[in-house]
Amino acid sequence: MRDNTTTHGKKRLVKSFFNAEHIKAWLYLSPALLFLLLFTYYPMVQVLWDSFFHRPYGADKELFVGFDNYSRLLNDENFITAVKNNFIYAIGTVIPSIVIGFGFALCLTQSSRFKNCIRSLLFFPTLVPLVAAAALWMFIYFPGIGLLDYYLAKLGIQSTDWLGSPDNALYSLMMLTIWKNAGFYMLFFIAGLQGIGEEYYEAASLEGAGWWQKLRYVTLPLLGPTSAFVFVIALIHVFTHVDHVIVMTLGGPMGSTNLVLYYIYQNAHEFNDLAKATTATVLSVMVLLAISFFSIRTMERGIHYES
Amino acid sequence: MASIAFKQIYKSYGNISVIKGIDLEIKDGELVVFIGPSGCGKSTMLRLLAGLEEEDSGSMYIGDSLVNSIAPKDRNIAMIFQNYALYPHMTVAENIGFGLKLRGMNKKNRIRAVDETASLLGLEHLLTKQPRQLSGGQRQRVAMGRAIIRNPKVFLMDEPLSNLDAKLRNQMRIEIKKLQRRLKTTTIFVTHDQIEAMTLADRIVVLNDGKVQQVGAPSKLYSSPVNKFVAGFLGSPSINFIHARRTGDNELTLPDGQCVLLPVDQAQILSDLREVEIGIRPEQIDIVKSRQTTMEENTITWSSSVSLIESLGSEKLVYSYHGEHEVAVKTTNSNGAVEGSNIQLSFSMNNAHLFALNDGRCLSPLAGIAQKGSI
Ligand SMILES: Nc1ncnc2c1ncn2[C@@H]1O[C@H](COP(=O)(O)OP(=O)(O)O)[C@@H](O)[C@H]1O
Ligand SMILES: [Mg+2]
């Protein structure tokens with residue numbers, strides 16, 4: 001009986017695959033699909049393939065080297081530094097910018113003309129291209145006469161080499177990133193907060209909840225799906241944006257601001273070690289895939305909060 | 001448990017005045033139903049008492065204490081919202097026990113209290129479920145559970161049954177009434193459904209346009225409404241209104257030229273009003289065989305054509321047209337009326353109410369039932 005229905009189902013599936021409606025659907029899909037295959041999936045496969053080949057200096061053709069590129073990469077101190085930096089950079093930007101964005105959102109959820117103004121001001125850094133923002137922050141960080149040192153001097157604090165010292169540079173870049181992204185995340189949180197029905201708060205008030213308890217037991221859990229979404233966006237930002245590194249520090253001083261994407265760029269275009277660049281790309285694509293897989297799962301889990 | 005008093009409450013949103021001077025006292029343990037058309041301010045009254053809105057002026061008492069400036073969480077009120085406002089991320093048990101948790105009750109006592117409440121409401125087997133897994137009636141019960149577990153002084157229920165289907169609504173209505181009887185907690189129940197109001201209430205408060213129209217036991221409001229609004233709002237089908245002109249001291253003339261004579265003392269109440277409306281309940285009208293020859297002075301008889309008949313089982317609703325007027329009759333004896341036929345309707349002015357045409361106030365408790373019906 002069961003078998004019967006499945007074969008029946010299979011036949012129906014095959015039939016429906018070729019029916020007019022389906023063909024039409026595929027036709028409609030084909031342009032987008034074509035470009036997706038051409039520019040996303042094909043390069044991904046190609047890169048994976050390439051990561052197993054290497055053309056040593058002077059050789060005239062590529063040789064299959066198995067996992068040799070991977071072991072070369074993992075033994076490259078610069079790569080390890082880049083991964084470490086990226087890790088610090090991720091933790092040090094994702095969490096603060098989300099917390100700050102959430103804090104802004106909490107203060108600015110109710111609409112009023114004043115709050116709308118503040119919201120636009122806070123959102124503004126998101127609209128500035130990263131390259132321009134980096135150039136702007138160069139002035140802020142300029143030792144001695146930059147905006148930051150100028151004001152710190154008024155407080156009696158000595159001038160600091162914000163970008164030139166290996167101890168400070170990465171943190172200076174992180175400040176810029178937080179400044180740039182917090183307003184963006186704020187927007188998601190505002191949308192999320194506005195989606196929480198007023199009656200949940202009213203019920204909580206009558207049940208005896210104060211401000212903190214409402215935040216703890218109502219707002220935070222109901223914002224779960226929004227937070228997961230913002231978290232993933234923030235992580236992706238961390239791996240995909242290096243404009244500021246290029247503009248401000250070129251990965252230095254002493255590799256202290258080298259991030260994985262910049263490492264890939266350097267190997268591909270400066271050191272001409274395409275095999276290493278390719279292999280590092282494969283690894284970071286895998287991390288990004290893992291993140292998006294994780295994100296879709298969490299977001300699906302969040303859906304049943306509605307209704 | 002506590003009594004409730006509203007004294008000269010005013011509330012407006014922007015420059016739109018919503019509550020326009022409400023005075024109302026509710027006794028300890030009473031179940032009072034607020035009824036009125038949509039937008040008349042029923043929810044606003046509950047929200048004011050709960051502290052979710054702030055009144056412009058006036059004072060509110062729960063028991064002996066003035067609550068105007070007390071925070072909602074300290075008023076010891078439980079409210080059931082129209083859409084229940086159950087927390088989707090909490091289980092049934094967590095939803096019910098939420099208030100106790102916020103008040104810092106320890107876990108052991110809390111679990112015991114939740115179990116007790118759940119068994120009172122028949123929710124034992126659902127405690128680990130989440131609200132989205134429940135039916136409408138079950139969600140309603142969970143909302144009730146969250147309200148009663150804290151043993152609050154007052155229950156406020158804002159149209160709690162309106163999201164349920166008809167059968168479940170009847171069942172929950174009965175449960176709410178039984179529960180209220182048992183807990184004896186002062187309750188305000190808001191509805192726009194007059195059947196709910198009539199069946200649940202110890203007393204009904206009819207609201208319209210931000211003002212109390214009338215307060216009283218259901219049967220009292222039904223039998224002696226103070227104005228046209230109350231008369232028209234309660235009763236299904238609605239009371240029939242017939243316009244009449246004063247053509248003599250104690251004589252009224254209907255649009256079709258019929259005259260009725262009023263007793264002298266009732267005519268006095270009319271004073272110098274020239275136009276009135278006669279209100280007659282559908283069940284006070286009879287369908288008679290033929291025009292009766294021995295007509296009493298104060299009986300009105302009409303011939304009219306039947307447009308629709310609805311059967312309610314033992315009773316029938318007969319809608320007919322008398323000229324432009326649609327008249328509804330509720331009767332057990334339809335005397336062979338069929339749709340499209342001509343019938344004779346008859347009612348006694350003894351059962352009718354008179355309303356002033358200008359302001360709708362009730363002029364006379366003409367009806368005999370009005371006198372014996374007051375509770
Ligand atoms: N927050 C608000 N802002 C502005 N107007 C409101 C607000 N709440 C209610 N009103 C208005 O007040 C009137 C009474 O509302 P409400 O008490 O909810 O009526 P109901 O009797 O249907 O429960 C309505 O006209 C409504 O539009
Ligand atoms: Mg309402």
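Helix α1 of chain B, spanning residues 42–50, gives the most to the shell around ligand 1, with three residues. Keep in mind as you read on that this is a predicted model.

The shell as a whole is made up of B:Tyr13, B:Val18, B:Pro37, B:Ser38, B:Gly39, B:Cys40, B:Gly41, B:Lys42, B:Ser43 and B:Thr44. Sorted by character, the residues around ligand 1 come out as four nonpolar, five polar and one charged.

Here are some atom pairs between protein and ligand 1 to look up in your viewer:

| Residue | Protein atom | Ligand 1 atom | Distance |
|---|---|---|---|
| B:Tyr13 | polar side-chain atom | nitrogen | 3.5 Å |
| B:Gly39 | backbone N or O | oxygen | 2.6 Å |
| B:Cys40 | backbone N or O | oxygen | 3.3 Å |

On its own, ligand 1 has 560 Å² of accessible area, and the protein covers 57% of that.

Now for another part of chain B. Strand β17 runs over residues 316–322 and includes B:Ser320. Is B:Ser320 buried or exposed? B:Ser320 counts as buried because its relative accessibility is 0%, and the cut-off for buried is under 20%.

Which side chain does the side chain of B:Ser320 meet in a polar contact? The partner is the side chain of B:Ser304, at 3.0 Å. B:Ser304 also appears among the contacts of B:Ser320 once neighbours within four places in sequence are left aside. That list continues with B:Ser305, B:Val306 and B:Ser307, then B:His325, B:Glu326 and B:Val327, and finally B:Ile343 and B:Leu345.

Key
Residues are numbered from 1 along each chain as its sequence is written. Chains are lettered from A and ligands numbered from 1 in the order in which they are written. This is a predicted model: local features need pLDDT of at least 70, side-chain atom pairs count only at pLDDT 80 or more; totals for chains, interfaces and linings use all residues. Side-chain values use heavy atoms; hydrogens and water are left out. Helices (H or I, at least four residues) and strands (E, at least two) are DSSP runs, numbered from the N terminus. Buried means under 20% relative accessible area, exposed over 50%, partly exposed in between (1.4 Å probe, protein chains only). A polar contact is a pair of N or O atoms within 3.5 Å; within protein, one must be able to donate a hydrogen and the other to accept it, and residues adjacent in sequence count only if both atoms are side-chain atoms. Contact means heavy atoms within 4.5 Å. A residue is near a molecule or strand if one of its heavy atoms lies within 4 Å of it. Accessible areas come from the Shrake-Rupley method with a 1.4 Å probe; for residues, only the protein chains shown count as cover. Ala, Val, Leu, Ile, Met, Phe, Trp, Tyr, Cys and Pro count as nonpolar, Asp, Glu, Lys and Arg as charged, and the others, Gly among them, as polar.
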